[in-house]
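The report below describes one model, moving from charged pairs to aromatic pairs, then to the nonpolar cores and the confidence of the prediction.

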Amino acid sequence: MAFLGSACAAEKPDGREAAGRAAERSEAAGKAAAGAAGKAEPGAPGRAAERLPFAERVKRQQAARAVAARKWRLDKVPLPAPEPPAEKPEITTRDGFEVEDGDELPPVFTTVPVEENVVFLTIDDGSEKDPELLRMMSDLQIPYSSFLSDYVINDNYGYFREMRDRGVTLHNHTLNHRYMPGLSYAEQKKEICGQQENLERLYGKRPQLFRPPYGNYNRDTLVAAKACGVRAVPLWAAEGFPDRMEWREWDKDLHPGDIILTHFRGPGDWEGTMPDMIRQVMKVVTEKGYAIARLEDYV
């Protein structure tokens with residue numbers, strides 16, 4: 001966006017050509033940096049990069065991230081995540097989040113059991129469709145997972161198709177974002193299964209993760225989710241905004257494996273843009289010594 005702004009500012013007969021050349025050079029440099037990282041998009045490494053040792057891939061990724069961090073005005077370069085585990089950790093329901101006879105139901109959790117300093121970024125609903133977010137996250141190679149509700153994505157399904165194509169996994173947040181415990185079992189199943197079918201039809205994959213609206217659920221919610229093909233129900237331990245973080249834990253801090261929630265929102269809903277929110281989240285995460293890892297590599 002820096003070079004686009006420069007080009008717009010140079011919309012004069014004697015400056016147009018120079019601005020165009022500057023834009024081409026900046027775009028070429030950005031592409032070269034992304035190529036050097038061995039990853040064009042998060043979750044979608046290039047074939048050549050896949051053959052490189054993990055340490056070399058990280059080295060190239062961090063070089064590209066340093067360029068992108070300056071472009072997107074991050075205080076610090078995001079820290080590299082460790083290599084994903086060969087076997088995913090066993091996920092169990094968090095104490096106090098259980099339902100009666102829930103042992104065979106999808107686990108409900110706010111933190112993934114890991115020892116490394118990694119956390120996971122998730123974005124809910126889908127009302128704000130900011131193209132700057134897509135470019136920013138691809139440039140910075142920050143993995144994230146989206147939990148989508150149909151009633152707010154149905155005016156622009158293509159935005160989330162592009163997100164999927166950039167390596168982001170799309171998950172279920174119901175059709176209409178209703179308060180689930182207030183619904184009958186049949187109504188809950190319609191909300192969950194309907195969105196499962198919707199996302200599979202639109203994006204080619206049936207989600208395995210589901211997040212109930214507002215984080216509220218009962219036993220019927222989990223029974224319905226399992227019937228619809230859901231394997232796990234990740235909630236969150238912290239929430240990100242453009243100007244602050246809010247904490248679920250008593251110590252108001254991050255912990256290994258914590259899931260961070262934020263939303264597809266813009267200036268109409270909060271004081272800032274989605275890139276502003278990412279800057280704030282990354283500032284806190286990086287300063288506390290954590291890297292963002294890909295949730296689907298662990299769950």
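## Charged pairs

A salt bridge, that is, a side-chain nitrogen of Lys or Arg within 4 Å of a carboxyl oxygen of Asp or Glu, joins the side chains of R135 and E132, with an N to O distance of 2.6 Å. The model is predicted, and local features need a pLDDT of at least 70, side-chain atom pairs count only at pLDDT 80 or more, while totals for chains, interfaces and linings use all residues. Residues are numbered from 1 along each chain as its sequence is written, and side-chain values use heavy atoms, with hydrogens and water left out.

R135 and E132 both belong to helix α5, three residues apart, about one turn of the helix; helices (H or I, at least four residues) and strands (E, at least two) are DSSP runs, numbered from the N terminus. Burial is judged by relative accessible area, with buried meaning under 20%, exposed over 50% and partly exposed in between (1.4 Å probe, protein chains only). On that scale E132, at 15%, counts as buried, whereas R135, at 35%, counts as partly exposed.

By the same rule the count of salt bridges comes to 18. R244 takes part in a salt bridge with D243 and in another with E246. Both R244, at 34% relative accessibility, and E246, at 34%, count as partly exposed. Elsewhere, D75, K283 and E287 are joined into one network by salt bridges that share partners. The distances of the three individually described bridges are as follows.

| Salt bridge | N to O distance |
|---|---|
| R135 and E132 | 2.6 Å |
| R244 and D243 | 3.0 Å |
| R244 and E246 | 2.9 Å |

## Aromatic rings

Rings of Phe, Tyr and Trp (its six-membered ring) pair if their centres lie within 6.5 Å, and planes under 30 degrees apart count as stacked, over 60 as edge-to-face and the rest as tilted. The count by this rule comes to four aromatic pairs. In one of them, the ring centres of F120 and Y298 are 5.1 Å apart and the planes stand at 65 degrees, so this pair is edge-to-face. F120 lies in strand β4 and Y298 in the segment after β11 (291-293), so that the pair links distant parts of the chain, 178 residues apart. F120 is buried, with a relative accessible area of 0%, and Y298, at 3%, counts as buried too.

F241 and W270 form another edge-to-face pair, with 6.1 Å from centre to centre and 75 degrees between the planes. F241 is in the loop between β8 (238-240) and β9 (245-247), while W270 is in the loop between β10 (259-263) and α10, and the pair therefore ties together parts that are 29 residues apart in sequence. Both F241 and W270 are buried. In addition, Y159, F160 and F264 form one aromatic cluster.

Charges also sit over rings, a term that requires NZ of Lys or CZ of Arg within 6 Å of the ring centre and within 35 degrees of the ring normal. R211 lies over the face of F147, at 4.5 Å from the ring centre, and R248 lies over the face of W236, at 5.1 Å from the ring centre.

## Nonpolar cores

A nonpolar core is a set of buried Ala, Val, Leu, Ile, Met, Phe, Trp, Tyr and Cys residues joined through side-chain atoms within 4.5 Å. The largest one has 41 residues, and those with the most contacts inside it are L121, F160, M163, I260, F264 and I278. Elements giving two or more residues to this core include β4 (118-125), α5 (131-140), α7 (157-165) and α10 (274-287), and the largest share, seven residues, comes from α10. With contact meaning heavy atoms within 4.5 Å, M163 touches L134, Y144, S146, V168, L170 and F264, its neighbours within four places in sequence being left aside. Another core, of 33 residues, lies apart from the largest and has L209, A224, W236 and V299 among its members.

## Whole chain and confidence

The chain has ten helices and eleven strands, and of its 299 residues 49% count as buried. Of the contacts with a separation of 6 or more, 71% are between residues 24 or more positions apart.

The average pLDDT (the predictor's confidence in each residue, from 0 to 100) is 88, and 83% of the residues score at least 70. Over residues 1-45 the pLDDT is below 50, and this stretch has 38 contacts in the model beyond near neighbours in sequence. Where pLDDT is low, the predicted coordinates should not be read in detail.
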